[in-house]
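Please consider the model shown below. The paragraphs that follow lead through its sheets, helices and loops.

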Amino acid sequence: MNRQELKTIIQTEKNREEMNQTRQKICVCCGAGCLSSGAEEVMKKLQEEIKTRGLENEVEVIPTGCMGPCNQGPLLKCLPGHTMYQKVDCTNIEKIVQSQLVEKKPLEDLLLFADLREKPFIDAREDPYFKKQFKIALKDCGQLNPERIEEYLAHDGYLALDKALFELSPEEVIAEVKQSRIRGRGGAGYPTGLKWESVYKYVNDQKYVICNGDEGDPGAFMDRSVLEGNPHRVLEGMAIAGYAIGANKGYAYIRGEYPLAIKRFEQAIKQAKKMGLLGNNILGTAFSFEVEVRIGAGAFVCGEETALIASIEGKRGTPKPRPPFPAESGLWGKPTLINNVETYAAIAPIIRNGGEWYSEIGTAKSAGTKVFALAGKINNAGLIEVPMGTTLREIVFEIGGGIQNGEEFKAAQTGGPSGGCIPAEHLDVKMDYESLVNLGSIMGSGGLIIMDKSSDMVDVARFFMEFCMDESCGKCVPCRVGTRMMHDLLQKICDNKATQIDLDRLEELAVYVKETSLCGLGGSAPNPLLSTLRHFRSEYESRILHHD
């Protein structure tokens, strides 16, 4: 397929979408969360009911990716209008069809947002849950069928790749990414444009692009949802990266616990190759690019770049000292670019709209948007995407709907096992890289666990330390031995058997492990401990009050 044929197909799909605008569409969330709640059975029942009533020419049922409010699933979204129904099961499909499609009015009993029920027509976009969000990486998730490339094309799919290949040099693509000021969304926050430029500058006969989909933080499911809901967006970002740095081969490393994400991404690869958007001489140019999926076995340490590379090579996933960095010597000793799923998902919009457009979103030092997985003691648990700089208070009490059962907010854990806890007195902190570091936490990949007054912060630190202890690859002594020693001391405190000497030793160990571990797993393992000590020291001291 050449450039003109691509544009013809895109226009054809857009025309088809416009012609079908008079048809009612019902999107059924078929992300992993809703599927586990029975979404597949709901979709089949919905299709049967629509056919029984003779409405199949007027109503289209679309399986989609994640819609966001995961704890309310299975979810249905009716277009146009964005009326959303929650906790749908097969027993209430008839009522929804009768009310929504026949009587043309919402069925109030199952509406997602109760505070909008008094209105004659319910538009979910008016609710704070949606109004406060700005979707770039998650755009079109929940509105298109992720298993049909035609629907992605109808939403300007692969136009960014077309623009890169025909209107921009590799240097100009990198310049746009640098101008956007996007930073790696995998956790480290390194400027993406600088990383791309570094790999581009190394001259070699072979270079590689890797997509890090090894999402292992407890409570995190951002990358999984993007891969499930819009896999072509990630694939397009990888292809643009390949063109920019001079690579003709890419690998998507996805956790084996994500079978649906793997399935849909592999489907996307096959569809793109069939259309000539992957493979040799893409769109008739000299650029060729292939992508393969590699399945991870669930080792948390493989989220670290050098461990991930070792795993792709068929070796045990353990980190290596740096330098050399992967940009110089990565996969099979060749220059290698590694970014995570969310980073690649933002590339196509940046190229289409320009780096300046993206840089104007967010804050002065943290541009763009960030996807968070809201979990814990919060009413609207699920997936959200907000501009950088949105406050924690806005996320918890406006988007998240507040704490369950009206309880008092106590803390938010950001960044997973590598992060820290933010107490109530810092609810107005801006969610950006610099602000979180100043509080002893990190952005991380985007896990955000909300806790109420029932949470024991010493036990929280013990839980994350146990996770890091279990996931340590054992290569370096500080991580292998230090995490176990810290865990044992935390357990001793939890059991009310610790002394002040134990607490002093725990703090000393934390600094040692942080400063001397080989990779990021050990280097960040003490973070939850240190942040809870900083903000909730009284809970530690109360456990050792009677031990001199």
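Helices (H or I, at least four residues) and strands (E, at least two) are DSSP runs, numbered from the N terminus. Two strands pair if DSSP finds at least two bridges between them. This is a predicted model, in which local features need pLDDT of at least 70 and side-chain atom pairs count only at pLDDT 80 or more, while totals for chains, interfaces and linings use all residues. Residues are numbered from 1 along each chain as its sequence is written, and side-chain values use heavy atoms, with hydrogens and water left out.

One open sheet consists of five strands in the order S10-S9-S13-S11-S12, and its pairing is mixed. Its edges are strand S10 (382-387) and strand S12 (420-423), each of which pairs on one side only. On average, neighbouring strands of this sheet are turned by 30° against each other, direction ignored; axes are lines fitted to C-alpha atoms, for helices over the stretch in contact, and angles run from 0 to 180 degrees between N-to-C directions. Strand S11 (residues 409-414) pairs with S12 in the antiparallel sense over four bridges. Alanine 411 has proline 423 in S12 as its bridge partner. Helix H22 (residues 527-543) packs on the sheet and touches S11 and S12, its direction making about 30° with that of S12. Contact here means heavy atoms within 4.5 Å.

A further open sheet has four strands in the order S2-S1-S3-S4, again with mixed pairing. Strand S2 (59-64) and strand S4 (83-85) are the edge strands, each pairing on one side only. The average turn between neighbouring strands of this sheet is 20°, direction ignored. Between strand S1 (residues 24-29) and strand S3 (residues 76-79), the pairing is antiparallel and spans four bridges; leucine 79 in S3 is the bridge partner of lysine 25. Helix H3 (residues 39-52) lies across S1, S2 and S3, and runs at about 170° to S2. In the loop between S2 and S3 lies proline 74, and the peptide bond that leads to proline 74 from glycine 73 is cis, with omega near -5°.

A second cis peptide bond, with omega about 0°, joins proline 323 and proline 324. Proline 324 belongs to the loop between helix H13 (305-312) and strand S8 (336-340). Helix H14 (residues 341-353) is mostly covered, eleven of its 13 residues being buried. Buried means under 20% relative accessible area, exposed over 50%, and partly exposed in between (1.4 Å probe, protein chains only). Among the buried residues of H14 are Glu342, Tyr344 and Pro349. After H14 comes glycine 354, with a positive phi near 100°.

Positive phi values also occur outside glycine. Aspartate 140, in the loop between helix H5 (128-131) and helix H6 (149-154), has a phi near 80° and counts as buried at 8% relative accessibility. Tyrosine 158, in the loop between H6 and helix H7 (159-167), has a positive phi of about 65° and is buried, with a relative accessible area of 1%.

Which residues does histidine 487 contact, leaving aside its neighbours within four places in sequence? They are Arg462, Met465, Glu466 and Met469. Histidine 487 is part of helix H19 and is buried because its relative accessible area is 9%. Valine 477 is also found in helix H19 (residues 477-494), but is partly exposed, with a relative accessible area of 46%.
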